[in-house]
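User: Please take a close look at the charged patch on the surface of this protein, and then carry the reading on through the loops and the annotated domains.
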Amino acid sequence: MSEIITLAHGSGGKLTHQLIQGIFQKHFRNDWLLEGGDSAVLETLPGQMAFTTDSYVIHPLFFRGGNIGKLAVCGTVNDLAVCGAIPKYMSCGWIIEEGFPLEELEEIAESMAATAREAGVFIVTGDTKIVPRGCADKLFLNTSGVGFIPEGLRLSPALIRPGDQVIVTGTIGDHGTAILIEREQLQVETGLASDCAPLNGMLERVTASLGGAVRLMRDPTRGGVATTLNEFTEGQDFGIRLEENALPVKGEVSGLCGMLGMDPLYIANEGKALLIVDGTQADRVIELLRSHPNGQDAAIIGEVVADHPGKVYMRTLAGGHRIIDMLVGDQLPRIC
């Protein structure tokens, strides 16, 4: 096999088969994929089925804490997990620019396989397209996933009530800030890495024990915590009050944001979730989250309130209040 991707790798001929067998089947190996059919024939899942899809165009492809492959698996797994679903199967579509190094392609596939194993999902089908130089930026991925929601678990904005607590599962802004440092090659000494991680194991720990206490979950990716909370309150008869002194933000993130005029509340996360939970069970939820490695910095950051319906606002460190609106424009494009 040549050292770079050529248009012949997408012809459907011998090189295509070498690519599929030499990289994708080698790393994603499972019974469904090895059957090689036009569709993966899957067992029927119990309960309600959740189905999601997303595309990944991040730049750069490799970053501290992960790469586009790990990101794609985590993104799809997390979209299922925050719906209360247990992720089961995934597909992956590859759009590769001619000239892409095979060594990097294999590294990305290997990372995807490792992340899928960690999350307990199987990559059962996929597709590969090779496009001429200049028709794509190195590599784009699309992943879709299905999972099942355990019987009796229901999450909905309609369940939210004043007095419910707002929880974030860890420090905010890590992913977007790490990508910014890598992309712009900022000369800062930091150990900051993307928080990219599958969240299903941690969230299942909560929903399996206290599912009735959880009103709603969401992963605050593009638009960050601020935009996601505004999606919760939009058109509703309740508001959300954040407490600035409760927001978990790493010093490197707040320092860099301060220098560049950015706000961590609007920066993307790829390994965090927001939960709205029954106020009487919030401390128990925090305890369960912190018992998982991905939730050790979980914190209660606010409360659902009856005043300011449809709005998100924050009680600041100085004791004042300010409205937290949705993101306008894009602070940092191509972060996922």
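Analyst: A patch joins like charges within 9 Å, or nonpolar side chains within 5 Å, among residues with over 30% relative accessible area (1.4 Å probe) and no salt bridge, that is, no Lys or Arg side-chain nitrogen within 4 Å of an Asp or Glu carboxyl oxygen. This is a predicted model, in which local features need pLDDT of at least 70 and side-chain atom pairs need 80 or more, while totals for chains, interfaces and linings use all residues. Residues are numbered from 1 along each chain, and side-chain values use heavy atoms, without hydrogens or water.

The patch in question carries negative charge and brings together Glu3, Glu103, Glu104, Glu107 and Glu110 on the surface. One of these residues, Glu110, sits in helix H4, which covers residues 102-119 (helices are DSSP runs of at least four residues, strands of at least two). Because its relative accessibility is 46%, Glu110 is classed as partly exposed, a class lying between buried (under 20%) and exposed (over 50%).

A UniProt record, from an unreviewed entry, places the domain "PurM-like N-terminal" at residues 36-148; over that span the chain is 28% helix and 40% strand, with its end C-alpha atoms 25 Å apart. Pro60 is found in the loop between strand E1 (48-56) and strand E2 (62-63), and the peptide bond that joins His59 to Pro60 is cis, with omega at about 5°. Lys138, in the loop that runs from strand E5 (122-131) to strand E6 (139-149), is not a glycine and yet has a positive phi of about 70°. Lys138 counts as partly exposed because its relative accessibility is 42%. Most residues other than glycine have a negative phi, and most peptide bonds are trans.

The record, again an unreviewed entry, also gives "PurM-like C-terminal" as a domain at residues 161-313, a span of 33% helix and 18% strand whose end C-alpha atoms lie 17 Å apart. Gln185, placed in the loop between helix H5 (174-184) and helix H6 (200-210), likewise is not a glycine and has a positive phi, near 50°; with 60% relative accessibility, Gln185 therefore counts as exposed.

Lastly, Gly319 belongs to the loop between strand E12 (312-315) and strand E13 (321-323), and it is classed as partly exposed because its relative accessibility is 47%. Although Gly319 and Glu243 are 76 residues apart along the chain, their C-alpha atoms are separated by 9.8 Å.

How values were computed. Lys, Arg positive; Asp, Glu negative; His and termini not counted. Charge placed at Lys NZ, Arg CZ, Asp CG, Glu CD. Buried < 20%, exposed > 50% of the residue type's maximum accessible area, 1.4 Å probe, protein only. UniProt positions renumbered as here; feature names shortened; annotations may be inferred.
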